[in-house]
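Open the model in your viewer and keep the sequence panel in sight. This tour goes stop by stop, with something to select at each one.

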Amino acid sequence: MAAKKLVEASARPGDVVEVARSDGSRLMGTLMPKSEFSAPDIVVLKLDNGYNVGIRIDEGAKVRVVEGGSLTTHPGEPVSLSEEEVRPPAERVFVLGTGGTIASRVDYETGAVNPYMDSKELAASVPEMFKYATVDSVQFMSIFSEDMTPRNWQAIAEEVARYFEKGYSGVVVAHGTDTMAYTAAALSFVFHRGLPGPVALVGAQRSSDRPSSDAAFNLTSAVLVASRAPFGEVCVVMHGETGDSYALAHRGTKVRKMHTSRRDAFQSVNDVPLAKVWPYEGKIEMLKEDYRRRSRELRPENGFDDKVALIKFFPGMTSDLIDFLVDRGYHGIVIEGTGFGHVANALIPSVQRAVEEGIPVVITSQTLFGRVNLNVYSTGRRMLQAGVIPAEDMLPETAYVKLSWALHRTRDLGEVRRLMLTNLAGEINPRHELKLFPRWYHDRE
């Protein structure tokens, strides 16, 4: 029945349609592509508020096309998702799928979320993005973000470089949210010498087939950034607040997931976001003046050392953990210290042993906001004497990725120290202002 009514109305996926049912109810929205999980008489509309709703089409229902804008896809790798019939914009954006919740569906028998929506299907279900760019897509890998490794970062970076070399205006990387900040930092260091356009990592807190999914809003925002933002940087593009009003583009070395499930889980730490993005209005407002302009030249420095550890200091921690990493042949260690970056005095001899054996030890802070300062207390001064590298205001995750990247280039302790203390991709902010602190700080009053 649904198919018959759609054919009679000449309605196609991407069209804005009005469905009037025999009970008098009416709904208007963008007609979504048919899912294999939908019942035969169900059509799915994307409403103006970003939610998808399923409507059962009965015998007396009427379907009317309000506005054309249908989307045609064809087979092939990569898959072109924008044809002449939708008047594709001049900008070309490539969507590189890696998996995660944004490319997942719920298994309604078990309640589990599984990564099996490919990037073609994901992009085809979000017609809003085609206002801003001709979008091509490929599913490069299909894994949850917790399964990402430094080798995966390297492979993703190679693909990103390949599509820029093919002339794309920007690249969107669809990624799971849990470790997206790690991958964003990794790509930031690979491309710190310059990018011809933005690399926008994007994810979803809720799977694409849920009515409350944030996938369409986030993906449209990411495509807008990749096609029209003035910067040549790696960023994470996600909801800026819980509603569907604006997104934020966070610098890839300064962003962290700060909530398990909220739509606005991502926040810039020790920095302000690069830009504020209104996907429905097609508007981008730059929030930083020191962004890196698009570069004509692409000079990636790819490669990561997978023998780097990130550990968290805790009360009662013994030196066994550090000694274990040294004995097992790890090439570098990042420690999340307390406050200004301290560890227990009992651990300092093991830290010194690591440095003496050619293993750099980098110190960050568990507080996240603020910067490491080992000159204030005697414990910090002893740590400096032992040879640790204070990571300034870098996030622990960013310091871990940067050390992995640096150790792939050199094992010389002096050169590693120089690289870690050099601001390569906006990971070090020389000064902090009150506005850089979290939202809850400002909202207390």
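## Stop 1: Lys-257

Select Lys-257, which sits in strand S15, residues 255–257. Keep in mind throughout that this is a predicted model. Is Lys-257 buried or exposed? Its relative accessibility is 18%, and the cut-off for buried is under 20%, so Lys-257 counts as buried.

Now show its side chain. One polar contact runs to the side chain of Thr-177, at 2.9 Å. Another links the side chains of Lys-257 and Asp-178, at 2.6 Å. Widen the selection to what Lys-257 touches beyond four places in sequence: Thr-177 and Asp-178 again, plus Gln-205, Ala-265 and Phe-266.

## Stop 2: helix H4

Select residues 180–190, helix H4. Ten of its eleven residues are buried, so the rest of the structure largely encloses this helix. Colour the buried ones: Met-180, Ala-181, Thr-183, Ala-184, Ala-185, Ala-186, Leu-187, Ser-188, Phe-189 and Val-190.

What covers these buried residues? The cover includes two helices, H3 (150–165) and H9 (396–409). It also includes strands S12 (199–202), S13 (234–239) and S16 (266–268). Strand S15 from the previous stop is part of the cover too.

## Stop 3: H3 against H4

Keep H4 and add H3. The two helices pack with their axes 10 Å apart, at an angle of about 55°. H3 and H4 are therefore oblique to each other. Their crossing is right-handed.

Show side chains where they meet. From H3, pick Trp-153, Ile-156 and Ala-157. From H4, pick Tyr-182, Thr-183, Ala-186, Leu-187 and Val-190.

## Stop 4: the nonpolar cores

Which residues have the most contacts inside the largest nonpolar core? Select Val-160, Val-172, Phe-191, Val-199 and Leu-201. That core has 83 residues.

Centre on Leu-201. Setting aside neighbours within four places in sequence, Leu-201 contacts several residues of H4: Met-180, Thr-183, Ala-184 and Leu-187. Leu-201 also contacts Val-234, Cys-235, Val-236 and Val-237, which fall within strand S13. Val-173 and His-175 complete the list.

A separate, second core has 23 residues. Select some of its members: Ala-309, Phe-313, Ile-333 and Val-372.

## Stop 5: His-342

Stay with Phe-313 and add His-342, which touches it. His-342 lies in the loop between strand S20 (332–337) and helix H7. With 12% relative accessibility, His-342 counts as buried.

Measure from the C-alpha atom of His-342 to that of Gly-380. The separation is 6.0 Å, although the two residues are 38 apart along the chain. Beyond four places in sequence, the residues His-342 touches also include Gly-337, Asn-373, Leu-374, Tyr-377, Thr-379, Gly-380 and Met-383.

## Stop 6: H6 and H7

Follow the loop into H7, residues 348–356, and add H6, residues 320–327. Their axes come within 9 Å and cross at roughly 15°. That makes H6 roughly parallel to H7. The crossing here is left-handed.

Which residues meet? On the H6 side they are Ile-322, Asp-323, Val-326 and Asp-327. On the H7 side they are Ser-350, Val-351, Arg-353 and Ala-354.

## Stop 7: two positive phi angles

Select Leu-368, in the loop between strand S21 (361–365) and helix H8 (378–386). Leu-368 is not a glycine, yet its phi is positive, about 70°. Leu-368 counts as buried, at 12% relative accessibility.

Then jump to Ser-10, in the loop between helix H1 (2–9) and strand S1 (16–20). Ser-10 is also not a glycine and has a positive phi, about 55°. Is Ser-10 buried or exposed? Ser-10 is exposed, with a relative accessible area of 55%.

## Last stop: the whole chain

Zoom out. The protein has eleven helices and 22 strands. Of its 445 residues, 55% count as buried. Now consider contacts between residues at least 6 apart in sequence: 71% of them join residues at least 24 apart. The pair His-342 and Gly-380, 38 residues apart along the chain, is one to revisit here.

Notes:
Residues are numbered from 1 along each chain as its sequence is written. This is a predicted model: local features need pLDDT of at least 70, side-chain atom pairs count only at pLDDT 80 or more; totals for chains, interfaces and linings use all residues. Side-chain values use heavy atoms; hydrogens and water are left out. Buried means under 20% relative accessible area, exposed over 50%, partly exposed in between (1.4 Å probe, protein chains only). A polar contact is a pair of N or O atoms within 3.5 Å; within protein, one must be able to donate a hydrogen and the other to accept it, and residues adjacent in sequence count only if both atoms are side-chain atoms. Contact means heavy atoms within 4.5 Å. A nonpolar core is a set of buried Ala, Val, Leu, Ile, Met, Phe, Trp, Tyr and Cys residues joined through side-chain atoms within 4.5 Å. Axes are lines fitted to C-alpha atoms, for helices over the stretch in contact, and angles run from 0 to 180 degrees between N-to-C directions. Angles under 35 degrees count as roughly parallel, over 145 as roughly antiparallel, 65 to 115 as roughly perpendicular and the rest as oblique. A crossing is left-handed if the near helix is turned anticlockwise from the far one by less than a right angle, and right-handed if clockwise.
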